[in-house]
Structures are given as C-alpha cells and as structure tokens.
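Biologist: Got a minute to walk me through this one? I'd like to start with charges and rings.

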Amino acid sequence: MSDRAYVSAWAQDYSGETQLAQFKRLLETVPLPESWPGFSSLIVRAVDATESPVREWDLRSLPVSAAEIMDLLREHSGGDMAYEVHAPWELWVFDVEAGRWNRKPQVLEITCHGPEYDGGIAAEQGHFLIGIGFEHLFTGDPDLLSNHAEKSGESASPEEEGYLAAMRTPERLRECHERTRDNIQYLFRWLQESEAAVPLERYRLWSEGEDNFEARLDEILAVR
C-alpha cells in the first residue's frame, strides 16, 4: 500500500521565459486546506538531479502563498532550473485503529521542470510532475473495488491485512467505495481547474503499482 501516484502535466506555450508565470498559475489552483493554507517547503535545483540544491526553504513556520513563492524564486529563473514545492492537501484516509474514515492532510509534491533541466526531462516527465500521494487513496484495494480483479489470497503487510479485514462488511465496503470516489473526484476537480488556469495542453495520470492508473480510476467512478 506504499506505491505512489503522480500526474505529469504539459503546459501550452511553455518555455524558459514562461515557466515561472505558468508555475504560479498552477500553484494558485492548489486546494490548500483551511488548517494550513500555504506551501510548506521550496527547493531550487539547477542543471540536473545529481547536483546539490541551489537553495532550500523550510516554510513550515508560516503558510506561504503562490505569490510569495514567486518572490523567493525571482533570482532563480532560467530554463535549466527546477523548482519543487510541498504542500498539504486533504484526502479521505481510513484509520485502522479508530475504525473510521477521516479527511487528513497528505503531502502534495509539485516539481516544475525547466525545458533544458536534466537533459530535457520535462518532455518525458512533464513540465509539472505532481506527486499526489499514496496510490491506494485513489484506487482502494483491487480485492475490494475492482469488478474483475482476482483475489490475491495474501495481504502484503499487517497494515493491509487490518485494512482489508475492516472493509469486509457491506457497510464498510460501500463507505470505502464512496470515500475513494470522493478522493478521485477531488483530484479531477483540481485538474480541471488547473487545466484552464495554466492552461495545460495535456496531462497523464500514472502510478508505481498500476499498469493503467487512469483506467482504474475511471472504473471506480463507473461503479454504482
């Protein structure tokens, strides 16, 4: 249950001259929670991922807005730069010990790749690479929510065993499906907003554990 999920997004008319402005527009759409309405860290990198960061900021003492992020980046612009921010966003998470679902802050990671950064990695990974959190928060477990997945017969970890055991009643299974759908719809609403604001040319949903992450989300949304 520790696989991560991502969005790779490509912006229209993206270049070293436009990347900061488009990055700002993306950050302005992030659905930050009321409990912490800002970004918590910022890292600037240059040339490629093997180089030490040019600059790092720990922003946890006070919520920092998208405009304030841009103020920090003003002296670090360039097509061979990459910018990484972290922020909380709230998703439904099942608390095995408490036996209930709660909306809890999860870490959202957004990296803005300059067109020339790391050998042009933006072309493959996206102008923006967004780590949206743990895969299972959007897919549930295939033994529970898939129409045609085969039972695995054995859980991967004690944590997963506890989660699966807690979900076996019809009421729990229905709630699992509803909360997972809520997380997916929350993600899609944000992507629709960012698609218009940046604007985005296209985006791709993918994960470390699913062969076709986007199709899995569509499957869950289609189940009634």
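Modeller: Sure. A charge sits over a ring if NZ of Lys or CZ of Arg is within 6 Å of the ring centre and within 35 degrees of the ring normal. Keep in mind that this is a predicted model.

Biologist: OK, which ring does Arg4 lie over?

Modeller: Phe134. Arg4 lies over its face, at 4.4 Å from the ring centre.

Biologist: And Arg179, what does that lie over?

Modeller: The face of Trp92, at 3.8 Å from the ring centre.

Biologist: Now ring on ring. How many aromatic pairs does a search of the whole structure find?

Modeller: Eight. One of them is Phe23 with Tyr83, and that pair is stacked. The centres are 6.2 Å apart, with 20° between the planes.

Biologist: Where do those two sit in the chain?

Modeller: In distant parts of it. Phe23 is in helix 1 and Tyr83 in strand 4, 60 residues apart.

Biologist: Is Phe23 buried or exposed? Same question for Tyr83: buried or exposed?

Modeller: Phe23 is buried, because its relative accessible area is 0% and the cut-off for buried is under 20%. Tyr83 is buried too, also with a relative accessible area of 0%.

Biologist: Which residues do ring pairs link into a cluster?

Modeller: Tyr14, Phe23, Tyr83 and Phe128.

Biologist: Switching to the sheet. What's the strand order?

Modeller: It runs 3-2-4-5-6-1-7. The sheet is open, has seven strands and pairs in the antiparallel sense.

Biologist: Which strands stand at the edges?

Modeller: Strand 3 (55-58) and strand 7 (200-207). Each has a single partner strand, so one side of each has no neighbour in the sheet. From one strand to the next, the twist averages 20°.

Biologist: How many bridges join strand 5 and strand 6?

Modeller: Four, pairing residues 100-113 with residues 128-134 in the antiparallel sense. Ile110 stands opposite Ile130 of strand 6 there.

Biologist: What does helix 2 touch on the sheet?

Modeller: Strand 2, strand 3 and strand 4. The direction of helix 2 makes about 35° with that of strand 2.

Biologist: Which residues of helix 2 are buried?

Modeller: Ala66, Ile69, Met70 and Leu73, in a helix spanning residues 66-73. They cover an arc of only 100° around the axis, which puts them on the same side of helix 2.

Biologist: Why would that spacing work?

Modeller: An α-helix has 3.6 residues a turn, so residues three or four places apart point the same way.

Biologist: And what do the buried residues of helix 2 pack against?

Modeller: Helix 1 (19-28), strand 2 (41-46) and strand 4 (81-95).

Conventions. Residues numbered from 1 in each chain as written. Predicted model: local features only at pLDDT ≥ 70, side-chain atom pairs only at ≥ 80, totals over all residues. Heavy atoms only, no water. Buried < 20%, exposed > 50% of the residue type's maximum accessible area, 1.4 Å probe, protein only. Arc of directions from axis to C-beta. Contact = heavy atoms within 4.5 Å. Pairing = 2+ DSSP bridges. Axes fitted to C-alpha atoms, helices over the stretch in contact; angles between N-to-C directions. Phe/Tyr/Trp six-rings, centres within 6.5 Å; stacked < 30°, edge-to-face > 60°.
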